[in-house]
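This report introduces one part of a structure to a reader who has not met it before. The sequence and the structure are shown first, and the description follows.

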Amino acid sequence: MKLTRVLIILMCMSLCTGIIHAQGAIEDLTATFSRNANVRQTPDENGNLLTVAARGEQFRVDGRTDSGQWLRGITQNGTVGWVINGTLNISLSTINGIRIITPDMPFLLTPPEGGSAPAPSNAPAPTSGLEVTVYSDVNMRGGPGTGFPRVGGVFGGKPLLVDGRNSDSTWVRGANVNGEVGWVAVRFVNISANQLNGLPVIDENTPFALQVGTQPPAPSNVPAPAPVAPIASTTPIRGFSYGGHIAGFNDTTFNWMRYAGMTWLKKQIRYFDGQNPNDIANTINQAHAAGFRILIGLVGDKNDLTRDGYFGRYASFAGGLAALGADAIEVWNEPNIDREWTTGDINPARYTELLRQSFNAIKANNRNTLVISGAPAPTGAESAFPGAVMNDDRYIRGMADAGAANYMDCIGVHYNEGIMPPTATSGDPRQPSNYFTRYLPSMINVYSSTFRGARPLCFTELGYLTPEGYGGLPANFSWASNVTLAQQAAWVDGAVAYSRNSGRVRIVIIWNMDFRGGGDDPMGGYAIIRPDGSCPACDALAN
């Protein structure tokens, strides 16, 4: 009896502490959150939100989904749930070694050793609001959901003054620096679990009573400090190469990119007036440490464009990024539409002046950093939206007339509305069917001939949208409703091959690798790493 009791005790201890890598055994792996993360009841982005784990918190893992996209575990404060891959500082090889489980399997682990609830928040009372920032550009809605109308927006890195949350803590309400009040999805907000839980639950009819300062920050006249030491390659960029636009740094995305033969990654950075370029040093170094060249899409706030000396400060920041080792910099983004440039003042000659100052600052700091002009939005909607849009062919013609070719190494191009094979030159069902932005060959021809072949092309966004895995597309993107995942894979591969063989393209950046989400801007539908973790386009490129 005593021997039996000892064996039982030993078995219980084995179950409680975990046995790693044994078939069917419980994992015992403690990781740290690299960013704030939603902890959900099920491995699904629509699963019930249990809490928001804060960056730096520990998470004890007991299993993963078959695809490895979701991991189950327990937080320091004892919440058991699922988090998406990429929010924890664990490698792909480690994830692959974790046992596969189903949501109905019992959870037997205790919170991480030494774990406790995060320190109490010092968030101010709701009457004074809580100031947070957002990770990336995000829409503000009239209520807590994408079905509510857009009422404003917040640029990445900019503040949001928050006064409350919805009942399931998936949305917060706040005001941006312009005084616009609206709701923002929590996944875009840099907010701790304690801060979120400390906000009052409100609805769209609750009055907003906070005072919002709308005065823009004073411009900084302090020269940028010496850059920190980068992990930089000084090798000049030659020949044709390609890569992908990434949402975040994680081993899963990097492994797919390497497998697909990519050597570039793109990150878009929102510059705010007076920012220190050293803020971006870690981004550049992480890319280089992973073995990739980095293209930074550098875009500012359109509301700052009229401020005295802004062009020079933006250019100085771009020069600082070059000094840090940025391999390529795209100067602004889609300056032919008023989402990114001042309404009523969309002017290619004025943009060319920004490009000129930026080119000189970049080359003064690092002559090997490639300067790419800001790719216009591919559009023919000028007549429908006067003052808000300029057709991209007319815009680049204005740039060429203003001498833009003297201030860039590569012409920036976006191609993201294709529903035909990359070699097609006719047959698009949309009207007018012969509009040049419908087809990759005519995009290359128009952009190259406008500058008389003086500079090569760099596609800083090239992608195909498919609804597979997302259940449908919003009305504005319904033109891509019939594109299949197989077509997306074949067309991405074909577009890279066609661009290489054209002799006029230097870089192709695939839009995108790993973004998620649908709604009004279906970034997830463009992603070549799909929700199930597969990447058919990567397979096509590799083969």
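Gly503 follows helix 10 (residues 485–502) and has a positive phi, near 75°. The model is a predicted one, in which local features need pLDDT of at least 70, side-chain atom pairs count only at pLDDT 80 or more, and totals for chains, interfaces and linings use all residues. Residues are numbered from 1 along each chain as its sequence is written, and side-chain values use heavy atoms, with hydrogens and water left out. Helices (H or I, at least four residues) and strands (E, at least two) are DSSP runs, numbered from the N terminus.

**Helix 10**

With 18 residues, helix 10 reaches 25 Å from its first C-alpha to its last, close to the 26 Å expected at 1.5 Å a residue; the expected span is 1.5 Å times one less than the number of residues. Its buried residues are Leu485, Gln488, Ala489, Trp491, Val492, Ala495, Val496 and Ser499. Here buried means under 20% relative accessible area, exposed over 50%, and partly exposed in between (1.4 Å probe, protein chains only). An α-helix has 3.6 residues a turn, so residues three or four places apart point the same way. The buried residues of helix 10 pack against several elements, including strand 14, helix 9 and strand 20; contact means heavy atoms within 4.5 Å.

**The sheet**

An open sheet of 8 strands, paired in parallel, has the order 18-17-16-15-14-21-20-19. Strand 18 (370–373) and strand 19 stand at its edges with a single partner strand each, so one side of each has no neighbour in the sheet. From one strand to the next the twist averages 25°. Two strands count as paired if DSSP finds at least two bridges between them. The table lists parallel pairs from this sheet.

| Strand pair | Bridges | One pair of bridge partners |
|---|---|---|
| Strand 14 and strand 15 | 3 bridges | Gly243 and Trp264 |
| Strand 15 and strand 16 | 7 bridges | Leu265 and Ile294 |
| Strand 16 and strand 17 | 4 bridges | Leu295 and Ala328 |
| Strand 19 and strand 20 | 5 bridges | Tyr415 and Leu462 |

**Strand 16 and its surroundings**

Strand 16 is largely enclosed by the rest of the structure, because 7 of its 7 residues are buried. Arg293, Leu295, Gly297 and Val299 point one way from the strand, while Ile294, Ile296 and Leu298 point the other way. In a regular strand the side chains alternate between the two faces of the sheet.

Helix 5 (residues 281–289) lies across strand 15 and strand 16, at about 155° to strand 16. Such angles run from 0 to 180 degrees between N-to-C directions, with axes fitted to C-alpha atoms, for helices over the stretch in contact. Strand 15, helix 5 and strand 16 form a right-handed β-α-β unit. The β-α-β crossover from strand 16 through helix 6 (residues 310–323) to strand 17 is also right-handed. Right-handed means that, with the strands pointing away from the viewer, the path from the first strand over the helix to the second runs clockwise.

**The two edges**

At strand 18, helix 7 (residues 348–365) lies across strand 17 and strand 18, running at about 175° to strand 18. Strand 19 (residues 411–415) is mostly covered, with 5 of its 5 residues buried. Ile411, Val413 and Tyr415 lie on one side of strand 19 and Gly412 and His414 on the other. Together with helix 9 (residues 440–450) and strand 20, strand 19 makes a right-handed β-α-β unit.
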